[in-house]
Amino acid sequence: EFMQGKDVEVQLDDSVHLSTLHRGIGGSGTAAHVAGARFVWLADAAYIPASSGWLGASLTHQATSFDESDDETTNDQTATYVGRSQTELAPAYLRLARSGSNVLTVTWVGRARFGNAFHPVQSRNFQGYRITFDDGSTSVSFDTTAETSTFDASAMGPSVTVSVVALNRITGAGPASSGTI
């Protein structure tokens with residue numbers, strides 16, 4: 001789980017005091033933690049430039065420590081490049097409602113990759129949302145920039161699964177938030 005404190009103060013005893021703590025940063029999810037649990041403090045990060053042409057490619061990284069050679073004593077790590085820095089986050093707080101005339105109303109809260117919980121900022125590559133309505137035999141999808149939508153589901157079965165994904169110009173659809181009504 002990634003967390004971010006608005007105000008971070010290192011105390012005289014080297015303990016850390018965080019205020020206005022935001023949990024689940026970057027779509028990392030949340031987990032229970034006992035008081036005094038160990039954590040990793042990320043005060044800085046290295047930027048490795050990557051090309052969108054690398055999407056889907058297997059990249060091998062070799063980390064060597066100072067004063068070591070890059071021979072077979074190092075552990076190569078290979079992973080498929082998915083462009084996580086561009087992948088949009090799953091929408092949050094998906095709510096579904098069905099009217100008596102079988103019109104589905106879908107609302108959600110979009111999550112921005114930049115800014116913070118108080119001032120979210122969408123990336124310049126954010127293109128909106130894709131909503132999919134699926135009853136198991138019929139699937140209907142459309143794109144929108146709004147965080148709410150209505151759909152006449154009278155031609156669909158009694159159980160409809162609704163999925164909403166955020167769209168990115170480079171990486172396409174992000175992870176989905178789904179529910180069934």
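Colour the chain by secondary structure: this predicted model has 14 strands and zero helices. Follow the ribbon from the N terminus, and the order of elements reads β-β-β-β-β-β-β-β-β-β-β-β-β-β.

Next, show the whole protein as a surface. Its accessible area is about 12,600 Å², and carbon and sulfur atoms account for 52% of that area. Of the 181 residues, 22% count as buried. If you display contacts between residues at least 6 apart in sequence, 49% of them join residues at least 24 apart.

**First stop: E1 and E2**

Select residues 3-10, which form strand E1, and residues 16-23, which form strand E2. The two strands pair in the antiparallel sense, and seven bridges link them. To find one of the paired positions, pick Glu-9 and look across to E2, where its bridge partner is His-17.

Now move to the turn. Five residues lie between the strands of this hairpin. Select Asp-14 there and read its backbone angles: phi is positive, near 70 degrees.

**Second stop: E5 and E6**

Select residues 92-98 for strand E5 and residues 103-109 for strand E6. This pair is also antiparallel, with five bridges between the strands. Pick Ala-92, then go to Val-109, its bridge partner in E6.

Four residues separate the strands in the hairpin of E5 and E6. Select Asn-102, which sits in the loop between E5 and E6. Asn-102 has a positive phi of about 65 degrees although it is not a glycine. Is Asn-102 buried or exposed? Its relative accessibility is 18%, and the cut-off for buried is under 20%, so Asn-102 counts as buried.

**Third stop: Tyr-93**

Stay with E5 and select Tyr-93, which lies within this strand. Check its backbone: phi is positive at about 55 degrees, although Tyr-93 is not a glycine. Then turn the surface on again around the side chain. Why does Tyr-93 count as exposed? Its relative accessibility is 67%, and exposed means over 50%, so Tyr-93 falls in that class.

**Last view**

Show Tyr-93 and Asn-102 together. Both have a positive phi without being glycine, at about 55 degrees for Tyr-93 and about 65 degrees for Asn-102. Tyr-93 belongs to strand E5, whereas Asn-102 belongs to the loop that leads to E6. Tyr-93 is exposed, while Asn-102 is buried.

Technical notes
Residues numbered from 1 in each chain as written. Predicted model: local features only at pLDDT ≥ 70, side-chain atom pairs only at ≥ 80, totals over all residues. Heavy atoms only, no water. Buried < 20%, exposed > 50% of the residue type's maximum accessible area, 1.4 Å probe, protein only. Pairing = 2+ DSSP bridges. Contact = heavy atoms within 4.5 Å. Areas by Shrake-Rupley, 256 points an atom, 1.4 Å probe, with all protein chains shown as cover.
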